[in-house]
Amino acid sequence: MALKDFNGAVAVITGGASGIGLATARTLYAQGAHVVLADINNERLQQAIEQVRQHAPSMTGKVLGVPTDVTQEAQVQALMQQAQNTDGHIDLVVTSAGVGHGGPIDLFTNEEMQSMMNINFMGTYNCTRAALPAMRSQQHGHFVFLSSVAGKLGSPLLSGYTASKWAVRGFSSALRAELYGTGIDVTTVYPAWVDTPMIQQEQEAMQLLNIVAMLTPDQVAQEILQAVQEGRHDLTLAPNPDIALVLQIMKDDQDKAEELLGQNFQQNVQKLVQH
Ligand SMILES: NC(=O)c1ccc[n+]([C@@H]2O[C@H](COP(=O)([O-])OP(=O)(O)OC[C@H]3O[C@@H](n4cnc5c(N)ncnc54)[C@H](O)[C@@H]3O)[C@@H](O)[C@H]2O)c1
């Protein structure tokens, strides 16, 4: 059963203090939802609460900020409890908390890989487990998991990020099958580069990987809400022609797609070396 109307819905958004999470919170609030923002960055979280309210001053929904580290199961349980206390239900959970750094596999440490998996994948898992009891008793609920086009491709220098986003994709697929018929659904989002603080911090990688952000957080937020209303399971947003092409090739010929990604990466390295 798709969530058609956000008016009066309770939505939890992790990573709600920035980028895609914050844009999704603003858009939901403007459509009448109560929004519960969760983020590890408390300072930005407090600013985000104000931004959400100011975005739609005439709306009267509740806006809560709950400082949360999504890798900590107990904190995520407390977050979902607070969300449920807001109005007695949890209708939508958007897991946008994430980190996105990379590096050559030879230098990518065990700690970095663990941390990437913990935030990007275990964070999603923790939110799911913590929100499910409420959703099961209501017999409805919707999860939106932020994967990435890196959850469908193998990106050089982003092996840890790619692994964590493939994990989110596999988890989504299993969950949809397991929750079939319960009234609880999952939309998985696979955006190409989006203009947010996450990629703005990675100037060197942007050159090496030829990163061009063609999506804004607001566009992604609009697309997410539409996909939820339509009950879509796969929301792939790839306006970059090169990424769209490799995604297409990947469907039929994974070897060919990996070859193209590798060649493109080598060419970018050569260009930088020559400069
Ligand atoms: N920006 C892109 O190009 C892009 C593309 C595809 C997918 N994504 C995914 O979208 C999601 C949102 O990314 P964004 O671009 O908006 O990034 P962002 O950096 O703007 O926002 C991410 C937020 O997550 C929070 N966060 C990090 N670790 C956390 C933790 N342990 N617990 C709670 N919060 C934590 C950060 O404080 C930040 O506010 C991420 O999962 C990212 O991988 C981003």
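How many bridges join strand S4 to strand S5? Keep that in mind as you open this predicted model and start in its sheet.

**Stop one: strands S4 and S5.** Select residues 92–95, which form S4, and residues 141–146, which form S5. Four bridges join these two strands, and they run parallel. To see one of the pairings, pick Val 94: its bridge partner in S5 is Val 144.

**Stop two: the whole sheet.** Now show all the strands of this open sheet, seven of them, in the order S3-S2-S1-S4-S5-S6-S7, with parallel pairing. Strand S3, at 63–67, and S7 stand at the edges with a single partner strand each, so one side of each has no neighbour in the sheet. Look along the sheet and you can follow its twist, which averages 15° from one strand to the next.

**Stop three: the S7 edge.** Select residues 234–237 for S7 and residues 184–191 for strand S6. S6 and S7 run parallel, joined by four bridges. Val 189 has Leu 235 in S7 as its bridge partner. Turn S7 to compare its faces: Leu 235 and Leu 237 are on the covered one, while Asp 234 and Thr 236 are on the uncovered one.

**Stop four: helices lying across the strands.** Add H8, residues 217–229, which lies across S4, S5, S6 and S7 and runs at about 155° to S7. Next add H1, which lies across S1 (10–14), S2 (34–39), S3, S4 and S5. The angle between H1 and S1 is about 165°.

**Stop five: around the ligand.** Which residues come nearest to the ligand? Of the 32 residues around the ligand, they are Gly 15, Ser 18, Gly 19, Gly 98 and Thr 196. Helix H1 (19–30), helix H4 (110–138) and helix H6 (197–200) are the elements that give two or more residues to this shell. Colour the shell by class and you will find 14 nonpolar, 15 polar and three charged residues.

**Last stop: a pair of helices.** Select H9, residues 241–252, and H10, residues 254–274: their axes come within 6 Å and cross at roughly 150°. Because of that angle, H9 is roughly antiparallel to H10. Show side chains where they meet: Val 246, Ile 249 and Met 250 from H9, against Gln 254, Lys 256, Ala 257, Leu 260 and Leu 261 from H10. By class, this contact has six nonpolar residues, one polar and one charged.

How values were computed: Residues are numbered from 1 along each chain as its sequence is written. This is a predicted model: local features need pLDDT of at least 70, side-chain atom pairs count only at pLDDT 80 or more; totals for chains, interfaces and linings use all residues. Axes are lines fitted to C-alpha atoms, for helices over the stretch in contact, and angles run from 0 to 180 degrees between N-to-C directions. Angles under 35 degrees count as roughly parallel, over 145 as roughly antiparallel, 65 to 115 as roughly perpendicular and the rest as oblique. Two residues are in contact if their C-beta atoms, placed from the backbone, lie within 7 Å. Ala, Val, Leu, Ile, Met, Phe, Trp, Tyr, Cys and Pro count as nonpolar, Asp, Glu, Lys and Arg as charged, and the others, Gly among them, as polar. A residue is near a molecule or strand if its C-beta atom, placed from the backbone, lies within 6 Å of it. A residue is buried if 20 or more other C-beta atoms lie within 10 Å of its own, exposed if 12 or fewer, and partly exposed in between; C-beta atoms are placed from the backbone. Two strands pair if DSSP finds at least two bridges between them.
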